[in-house]
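Okay, thanks for making time, everyone. I'll just walk through a couple of spots in this one, so let me put it up on the screen.

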Amino acid sequence: MDNIICEVMDMYEIAVIPGDGIGKTVTSEAVRVLKNTDLKFEFQFMKVGYEVFKKVGAPVPENVVSEMKDTQACLFGATTTPVSVPNYRSAIVTLRRALDLYANVRPVKSYPVRGCVRDVDLAIVRENTEGLYSGVEFETEDSAFAVRVITRRASERIARFAFNLAMRRRKKVTIVTKANVMRKTCGLFREVSLLVAKDYPEVEVNELFVDVAAMNLVLKPQTFDVILTSNLFGDILSDEAAGLIGGLGLAPSGNIGDNYGLFEPVHGSAPDIAGKGIANPIAAILAAKMMLDYLGEDKWAEQVENAVVTVLKKGKHLTPDLGGSSTTSEVTEAIIAELEKS
Ligand code: NAI
Ligand code: MG
């Protein structure tokens, strides 16, 4: 990911939101890695999520968004969104909308790990503010409804983001919709995407319906470069794609708007392994790498990624999700040791 928006600075103020469960563990590992670069950071720790909700009654306390706006970017862990609590609104969905982080970018790249499909290098660009996650839902006695909001404005800016990204990659965009069935909503997304495509004559454009896209991701993932899609489809396809390259422990993401970027692993708070010290920190460390790209610190971004790749290749320090028996902090320490050699 190389959407450079900020100007390179002497010191970066970074909001750090660990969140819940393994979010807390992996975020502090990513911060450790950043502290082992030559760059200067001031980390502002902020609390959001389910644990905060239990204390103060809101998953995102009022002051958080304005405090985030005083920083250049955010490193986010993961938060729990309990389905059993009525009317609970996901903290990350709230932040994405409050900060207008309209582009969710999820690079999916083959790394040297067992079971990883080779030669995959794609990026899912997912509209992040509306679609089926618009939060507009209502119910009658025996029915429940979700409103799928698709606007021309949001479709246009996400399409432009995807095509700009494709120009810096292999110049290929696959537009993924279900426009044959959802004729109005996917129809508008598709129409706007194809209009934007006209401004990028160098970019090869393909279209797939989401069900076929899901299959092709398994059968021939190497054929994709940039996948442009709406909110729910992008969420599902990105976990599927993460499964190709070794699982959620290796999958980072960026939530990017015109003025701010929030970087997080694709995974959630993983209550099944929280507190056991075995969460894979690499997705969060690669999210920090994406943040370095965003800040224009290409050299350090590359060095962090190289250190991760070396540790994976050596295969001596791997967490159980990758077939190893190392702890979270042992993996981080191995990555930092490689970083120090670079
Ligand atoms: P999850 O991503 O937390 O976990 C899915 C599976 O992957 C679990 O078996 C977990 O142990 C494993 N896993 C995830 N990350 C891992 C890592 N770094 N190392 C090793 N194994 C890892 O998804 P799940 O279980 O559906 O959701 C748990 C909670 O997280 C829910 O409350 C959900 O709403 C929330 N969530 C939050 C997200 C966010 O804050 N951005 C994103 C996705 C889910
Ligand atoms: Mg998800």
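Right, let's start with helix H9, residues 282–294: that's 13 residues, and from its first C-alpha to its last it reaches 18 Å, close to the 18 Å expected at 1.5 Å a residue. Keep in mind that this is a predicted model.

So how many of the H9 residues are buried? It's 13 of the 13, so the rest of the structure largely encloses this helix. Buried here means under 20% relative accessible area. After H9 you get Gly296, and its phi is positive, near 85 degrees.

Now, a neighbour. Helix H1, residues 22–35, has an axis that comes within 8 Å of the H9 axis, and the two cross at roughly 50 degrees. That angle makes H1 oblique to H9. As for handedness, the crossing of H1 and H9 is right-handed.

Who's touching whom? On the H1 side it's Val26, Glu29, Ala30, Val33 and Leu34, and H9 brings Ala284, Ile285, Ala288, Met291 and Leu292. Sort the residues in that H1–H9 contact by class and you get nine nonpolar, no polar and one charged.

Last stop, somewhere else in the chain. Asp199 sits in the loop that runs between helix H6 (185–197) and strand S9 (204–209). Is Asp199 buried or exposed? Neither, really: its relative accessibility is 47%, so it counts as partly exposed, given that exposed needs over 50%. And if you want a distance to check, take Asp199 to Val93: they're 106 residues apart in sequence, and C-alpha to C-alpha they're 31 Å apart in space.

Okay, that's me done.

How values were computed:
Residues are numbered from 1 along each chain as its sequence is written. Chains are lettered from A and ligands numbered from 1 in the order in which they are written. This is a predicted model: local features need pLDDT of at least 70, side-chain atom pairs count only at pLDDT 80 or more; totals for chains, interfaces and linings use all residues. Side-chain values use heavy atoms; hydrogens and water are left out. Helices (H or I, at least four residues) and strands (E, at least two) are DSSP runs, numbered from the N terminus. The expected span of a helix is 1.5 Å times one less than its number of residues. Buried means under 20% relative accessible area, exposed over 50%, partly exposed in between (1.4 Å probe, protein chains only). Axes are lines fitted to C-alpha atoms, for helices over the stretch in contact, and angles run from 0 to 180 degrees between N-to-C directions. Angles under 35 degrees count as roughly parallel, over 145 as roughly antiparallel, 65 to 115 as roughly perpendicular and the rest as oblique. A crossing is left-handed if the near helix is turned anticlockwise from the far one by less than a right angle, and right-handed if clockwise. Contact means heavy atoms within 4.5 Å. Ala, Val, Leu, Ile, Met, Phe, Trp, Tyr, Cys and Pro count as nonpolar, Asp, Glu, Lys and Arg as charged, and the others, Gly among them, as polar.
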